[in-house]
Amino acid sequence: LNEKNLVNYNKAGVTLTQDGERIGSSMMRNSRLLEVLMDSALKVAIDEEMVCGIEHHMNKQFTDALCTMLKHPRKCPHDHEIPMGECCKSA
């Protein structure tokens, strides 16, 4: 992460760079939307290993389409906030 300039190290600890924040937010959004898909739409148990495997392969177009299909959920089944995407702003 350091070599990709996604984190800053200092005596106080580790913080994310602006790019690190953007990528982290996107990964959280992907994961949480997949959890909503599995739980609410597909009615299957949430498989965290599967979610982790799939979310790395999602692009913005797919994520926005999934979010739109799910009607722009604001929370995942674990009651965590889902970061908004551009598609949510026009909804």
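# A walk around the model

Start by selecting Asp79: this residue is exposed, with a relative accessible area of 53%. Here, exposed means over 50% relative accessible area, buried means under 20%, and partly exposed is anything in between (1.4 Å probe, protein chains only). Residue numbers count from 1 along each chain as its sequence is written. You're looking at a predicted model, where local features need pLDDT of at least 70 and side-chain atom pairs count only at pLDDT 80 or more, while totals for chains, interfaces and linings use all residues, and side-chain values use heavy atoms, with hydrogens and water left out.

**Stop 1: around Lys75**

Keep Asp79 on screen and add Lys75. The two form a salt bridge, with 3.7 Å between their closest N and O atoms. That term asks for a side-chain nitrogen of Lys or Arg within 4 Å of a carboxyl oxygen of Asp or Glu. Lys75 counts as partly exposed, at 39% relative accessibility. Now add Glu81, which also forms a salt bridge with Lys75, its closest N and O atoms being 3.5 Å apart. Elsewhere, Arg29, Lys60, Asp64 and Glu86 are joined into one network by salt bridges that share partners.

**Stop 2: Asp64 and Arg29**

Pick this pair out of the network next. Their side chains meet in a salt bridge at 3.1 Å, N to O. Asp64 sits in helix 3 (residues 60-69) and Arg29 in helix 1 (residues 18-41), so the pair ties together parts that are 35 residues apart in sequence. Are these two buried or exposed? Both Asp64 and Arg29 are buried. The salt-bridge count comes to 6.

**Stop 3: along helix 1**

Helices (H or I, at least four residues) and strands (E, at least two) are DSSP runs, numbered from the N terminus. Select helix 1 and look at its two ends: the end C-alpha atoms are 33 Å apart, which agrees with the 34 Å that its 24 residues should span at 1.5 Å a residue. The expected span is 1.5 Å times one less than the number of residues.

Colour its buried residues, including Gly20, Asn30, Leu33, Leu37 and Met38. What covers them? The cover includes strand 2 (13-16), helix 2 (48-55), helix 3 and helix 4 (86-89), judged by contact, meaning heavy atoms within 4.5 Å. Just after helix 1, stop at Lys43, which takes a positive phi of about 55 degrees.

**Stop 4: the cysteines**

Select Cys67 and Cys88. Cys67 is buried, at a relative accessible area of 0%. Its sulfur is 3.6 Å from the closest cysteine sulfur, in Cys88, which is too far for a bond. Then try Cys52, which counts as partly exposed at 42% relative accessibility. For Cys52, the closest cysteine sulfur is in Cys76, 15 Å away and too far for a bond. With a disulfide taken as a pair of cysteine sulfur atoms within 2.5 Å, the count is 0.

**Last stop: zoom out**

Show the whole protein chain. There are 4 helices and 2 strands, running β-β-α-α-α-α from the N terminus on. The C-alpha atoms fill a box of roughly 45 × 30 × 25 Å along the principal axes. Of the 91 residues, 33% count as buried. Among contacts between residues at least 6 apart in sequence, 48% join residues at least 24 apart.
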